[in-house]
Amino acid sequence: MSLRRQKEDEVRLILERAPHPPVPADLLVRATERGVRGLRRRKVLRRVLWVLAVAAGIAFLVWASIAQPWLTPPADSTPPVEGF
């Protein structure tokens, strides 16, 4: 007999001998309410994160259209003239 099988048998014996604990009558209602609250929180958090991501994208596009970082900056001075 393997050690795992022996432990399973011991747990079964303990569960068969011990009286089952009483379960509160409103357990299902409380668990359902808690689950619904958790789902609602996750849904709100997901929406907030999407709104923040969209706002960051719009802010980046506005900054990029104003600053135009893809253009080379104008030279502060002209290069020295040589060879005349």
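How many residues apart in helix α2 are phenylalanine 60 and tryptophan 63? They are three residues apart, which puts about one helical turn between them. That spacing is a good way into this model, which is a predicted one, and the aromatic pair is a friendly place to start the tour.

**The aromatic pair**

The count of aromatic pairs comes to one. In this pair, phenylalanine 60 and tryptophan 63 have ring centres 5.8 Å apart and planes at 40° to each other, a tilted arrangement. As background, a pair of aromatic rings is described by the distance of the centres and the angle of the planes. The label follows from the angle, because planes under 30 degrees apart would count as stacked and those over 60 as edge-to-face. Tryptophan 63 has a relative accessible area of 46%, so this residue is classed as partly exposed.

**Salt bridges**

How many salt bridges does the structure hold? There are three, and the table below sets them out with the distance between nitrogen and oxygen.

| Basic residue | Acidic residue | N to O distance |
|---|---|---|
| Arginine 4 | Glutamate 8 | 3.4 Å |
| Arginine 12 | Aspartate 9 | 3.5 Å |
| Arginine 30 | Aspartate 26 | 3.7 Å |

Take the bridge between arginine 4 and glutamate 8. These two residues are four apart in helix α1, which spans residues 3-17, so about one helical turn separates them. Is arginine 4 buried or exposed? With a relative accessibility of 65%, arginine 4 counts as exposed, because the exposed class begins over 50%. Its partner glutamate 8, at 29%, is partly exposed.

Helix α1 also holds the bridge partners arginine 12 and aspartate 9, which are three residues apart, or about one turn of the helix. Arginine 12 has a relative accessibility of 44% and counts as partly exposed. Aspartate 9 also counts as partly exposed, with a value of 26%.

The remaining row of the table joins aspartate 26 and arginine 30. Aspartate 26 is partly exposed at 39% relative accessibility, and arginine 30 is partly exposed with a relative accessible area of 43%.

**Along helix α2**

Helix α2 covers residues 27-67, and arginine 40 is found there. Which residues form a positive surface patch? Arg34, Arg37, Arg40 and Arg41 do. None of these takes part in a salt bridge, because residues that do are left out of patches.

A nonpolar patch also lies on the surface, and its members are Val44, Leu45, Val48, Leu49 and Leu52. Together these five side chains' residues have about 460 Å² of accessible area. Valine 48, one of the members, is found in helix α2. Its relative accessible area is 42%, so valine 48 is partly exposed. That value also passes the patch cut-off, because patch residues need over 30% relative accessible area.

Valine 29 is another residue of helix α2, and with a relative accessible area of 47% this valine is partly exposed. How far apart in space are valine 29 and threonine 78? From C-alpha to C-alpha they are 78 Å apart, with their positions 49 residues apart in sequence.

**A backbone detail after the helix**

Glutamine 68 is found in the segment after α2. For context, most residues other than glycine have a negative phi. The phi of glutamine 68, by contrast, is positive, near 45°. What is the relative accessible area of glutamine 68? The value is 33%, so glutamine 68 counts as partly exposed.

Terms used:
Residues are numbered from 1 along each chain as its sequence is written. This is a predicted model: local features need pLDDT of at least 70, side-chain atom pairs count only at pLDDT 80 or more; totals for chains, interfaces and linings use all residues. Side-chain values use heavy atoms; hydrogens and water are left out. Patches are made of residues with over 30% relative accessible area and no salt bridge: like charges are joined within 9 Å, nonpolar side chains (Val, Leu, Ile, Met, Phe, Trp, Tyr) within 5 Å. Accessible areas come from the Shrake-Rupley method with a 1.4 Å probe; for residues, only the protein chains shown count as cover. A salt bridge is a side-chain nitrogen of Lys or Arg within 4 Å of a carboxyl oxygen of Asp or Glu. Lys and Arg count as positive and Asp and Glu as negative; His and the chain ends are not counted. The place of a charge is taken as NZ of Lys, CZ of Arg, CG of Asp or CD of Glu. Buried means under 20% relative accessible area, exposed over 50%, partly exposed in between (1.4 Å probe, protein chains only). Rings of Phe, Tyr and Trp (its six-membered ring) pair if their centres lie within 6.5 Å; planes under 30 degrees apart count as stacked, over 60 as edge-to-face and the rest as tilted.
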